[in-house]
Amino acid sequence: MASRHLSRSIAMQSLYEWDFGKKEKDLEEIVEKNIKEFGPGLENKSLIWQIITGIVKNINNIDKIIEKAAPEWPIDQITIVDRNILRIGLYELLYADKKEVPPKVAINEAIELAKSFGGESSGKFINGVLGTVYKEIEK
C-alpha cells in the first residue's frame with residue numbers, strides 16, 4: 001500500500017474511533033496507537049497529522065458543507081465511516097495544497113477508502129457528495 005494511501009487510512013480509522021466515542025477520547029492517543037498498529041515502518045507521518053489537525057480545525061465548516069451537499073442525509077445519520085471519509089475528502093479538496101493533492105486525486109482517494117472500509121453503496125455516496133462540492137468549487 002502506498003504511504004499516502006496508508007496515511008489516509010490511518011487518519012480515517014483514527015477519526016472513526018474518535019467520532020464513535022462521541023469525540024470524548026484523546027484523538028492524539030488514538031492516532032499514535034493506530035500508527036503503531038497499522039503503520040509500523042511508515043517513515044513520514046506528517047500527512048496523517050496534517051489531515052487530522054486540518055479536519056479538527058475545520059470540522060464545523062466541513063460538516064456544514066456535507067449537510068449542504070447531501071441535504072437528505074443529516075450529518076448524524078451518515079454512517080461514521082462515510083462521514084469521516086467525506087471529512088478527509090473535503091479537507092483535501094478544500095484545504096490541502098492542490099499541487100500535492102489535485103482535486104481528482106482527493107476524490108479518488110476518498111472513493112478508494114469507501115470501497116475498503118465502507119458499505120456496498122459508500123463509494124457511490126462519497127463520489128456523489130464530493131462531486132457536488134467539486135462542481136460548486138469550479139463555478
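## Close-up views of a helical chain

**View A: At 12% relative accessibility, Ile-111 counts as buried.** The cut-offs behind that word are under 20% relative accessible area for buried, over 50% for exposed and partly exposed in between, with a 1.4 Å probe and protein chains only. Before you zoom in further, note that this is a predicted model, in which local features need pLDDT of at least 70 and side-chain atom pairs count only at pLDDT 80 or more, while totals for chains, interfaces and linings use all residues. Numbering starts from 1 along each chain as its sequence is written, and side-chain values rest on heavy atoms, without hydrogens or water. Ile-111 sits in helix H5, which spans residues 103-117. Helices here are DSSP runs of H or I with at least four residues, strands are runs of E with at least two, and both are numbered from the N terminus. Leaving out residues up to four places away in sequence, Ile-111 touches Gly-123, Ile-126 and Asn-127 (a contact is heavy atoms within 4.5 Å).

**View B: Lys-22 and Lys-23 in the loop between H1 and H2.** The loop holding Lys-22 joins helix H1 (3-20) to helix H2 (27-38). For a backbone enthusiast, here is a treat: Lys-22 has a positive phi of about 60° although it is not a glycine. Lys-23, also not a glycine, has a positive phi near 60°. Lys-22 counts as exposed because its relative accessible area is 66%, whereas Lys-23, at 37%, is partly exposed. To link this view with View A, follow the C-alpha atoms: Lys-23 and Ile-111 are 24 Å apart in space and 88 residues apart in sequence.

**View C: Arg-83 and its partner Asp-19.** Arg-83 belongs to helix H4, residues 80-94. Although charged residues can sit at many levels of exposure, have a look at the number here: Arg-83 has 9% relative accessibility, so Arg-83 counts as buried. Its side chain makes a polar contact of 2.8 Å with the side chain of Asp-19. Such a contact is a pair of N or O atoms within 3.5 Å; within protein, one must be able to donate a hydrogen and the other to accept it, and residues adjacent in sequence count only if both atoms are side-chain atoms. Beyond residues up to four places away in sequence, Arg-83 touches Asp-19, Ile-66, Ile-75, Asp-76 and Ile-78.

**View D: The largest pocket and its lining.** The space in the largest pocket is about 160 Å³, a volume filled by probe spheres set on grid points joined across faces, edges and corners. A pocket is an open set of points on a 1 Å grid over the protein atoms alone, where a 1.4 Å probe fits, with protein on both sides within 12 Å along at least five of seven lines; lining residues have an atom within 4 Å of a point. The lining consists of Ile-65, Lys-68, Ala-69, Leu-94, Thr-132, Val-133, Glu-136 and Ile-137. Helix H3 (46-69) and helix H6 (122-138) each give two or more residues to this lining, and the largest share, 4 residues, comes from H6.

**View E: The whole chain, with 6 helices and 0 strands.** Zooming out, the elements run α-α-α-α-α-α from the N terminus. The C-alpha atoms fill a box of roughly 40 × 35 × 30 Å along the principal axes. Of the 139 residues, 48% count as buried. Among contacts between residues at least 6 apart in sequence, 69% join residues at least 24 apart.
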